[in-house]
Amino acid sequence: MIKKIYDFLLTINCYFLVLAAILTVVNSPYGSPVFMYTSIIGLIDAIKSKSQNGIIINCTFLAMNTYFTIRNIVNALI
C-alpha cells in the first residue's frame, strides 16, 4: 500500500513540475512554492535511492525556491 502511494506521489510530482513551470512563466507568485514541493519529493526520492547527484540537485533547487518563496511573501507584506 505504501509503495503504491509513493509511486503515485512520484507520478503526480511530474505534473506539479509542469504546473510550477507554467506558473513561473506567467509570473505567478505560486511558482516557487510549487517548485519547493517538487524539490522536497525529489529530495526524498534521491535519499531513498541513495543518489548523490539527485540529493545535491534537489537541495540546490529547494534552497533557491525557498529564497524566492520568502522573498515573495515579504514583498506581499510590504
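**View 1. Helix 2 helps to cover the buried residues of helix 3.** The model shown here and in every later view is predicted. Helix 3 runs over residues 52-77. The buried residues of helix 3 are Gly54, Asn58, Leu62, Asn65 and Thr69. An α-helix has 3.6 residues a turn, so residues three or four places apart point the same way. Helix 3 has 26 residues. From first C-alpha to last, helix 3 reaches 38 Å, close to the 38 Å expected at 1.5 Å a residue.

**View 2. Helix 2 and its cover.** Helix 2 comprises residues 31-49. What covers the buried residues of helix 2 includes helix 1 and helix 3. Which residues of helix 2 are buried? They are Gly31, Ser32, Val34, Met36, Thr38, Ser39, Ile41, Gly42, Leu43 and Ala46. The end C-alpha atoms of helix 2 are 27 Å apart. That agrees with the 27 Å that 19 residues should span at 1.5 Å a residue.

**View 3. Ser32 in contact with Asn65, Phe68, Thr69 and Asn72.** Ser32 is found in helix 2. Its relative accessible area is 12%. Ser32 is therefore buried, since the cut-off for buried is under 20%. The four contacts named in the title leave aside neighbours within four places in sequence. Two of these partners, Asn65 and Thr69, are themselves buried residues of helix 3. Phe68, by contrast, counts as partly exposed, at 29% relative accessibility.

**View 4. An edge-to-face pair, Phe16 and Tyr37.** The structure holds two aromatic pairs. In this one the ring centres are 5.0 Å apart and the planes stand at 70°. Why is the pair edge-to-face? The plane angle is 70°, and the edge-to-face class takes angles over 60 degrees, so the label follows. Phe16 lies in helix 1 (residues 2-25) and Tyr37 in helix 2. The pair therefore ties together parts that are 21 residues apart in sequence. Phe16 counts as partly exposed, at 29% relative accessibility. Tyr37 also counts as partly exposed, at 28%.

**View 5. A second edge-to-face pair, Tyr67 and Phe68.** The ring centres of Tyr67 and Phe68 lie 5.1 Å apart. Their planes are at 65°, so the pair is edge-to-face. Phe68 appears again here: this residue is also a contact of Ser32.

**View 6. Lys48 over the face of Tyr6.** How far is Lys48 from the ring centre of Tyr6? The distance is 3.8 Å.

**View 7. Two loop residues with positive phi: Asn27 and Lys50.** Most residues other than glycine have a negative phi. Asn27 is not a glycine, yet its phi is positive, near 60°. Asn27 sits in the loop between helix 1 and helix 2. Is Asn27 buried or exposed? At 69% relative accessibility, Asn27 counts as exposed. Lys50 is likewise not a glycine, and its positive phi is about 60°. Lys50 follows helix 2, in the loop between helix 2 and helix 3. Lys50 counts as exposed, at 73% relative accessibility.

**View 8. From Lys50 to Leu77.** The C-alpha atoms of Lys50 and Leu77 are separated by 40 Å. Along the chain, the two residues are 27 apart. Leu77 has its place in helix 3, whereas Lys50 has its place in the loop between helix 2 and helix 3. At 72% relative accessibility, Leu77 counts as exposed.

**View 9. Cys14 and Cys59, without a disulfide.** A search of the whole structure finds zero disulfides. Why does Cys14 form none? The closest cysteine sulfur to that of Cys14 belongs to Cys59 and is 19 Å away, too far for a bond. The cut-off for a disulfide is sulfur atoms within 2.5 Å. From the other side, Cys59 has Cys14 as the holder of its nearest cysteine sulfur, at 19 Å. Cys14 counts as partly exposed, at 49% relative accessibility. Cys59 counts as partly exposed too, at 36%.

Note on methods. Residues numbered from 1 in each chain as written. Predicted model: local features only at pLDDT ≥ 70, side-chain atom pairs only at ≥ 80, totals over all residues. Heavy atoms only, no water. Helix = DSSP H or I, 4+ residues; strand = E, 2+ residues; numbered from the N terminus. Buried < 20%, exposed > 50% of the residue type's maximum accessible area, 1.4 Å probe, protein only. Contact = heavy atoms within 4.5 Å. Phe/Tyr/Trp six-rings, centres within 6.5 Å; stacked < 30°, edge-to-face > 60°. Lys NZ or Arg CZ within 6 Å of the ring centre and 35° of its normal. Expected span 1.5 Å × (residues − 1).
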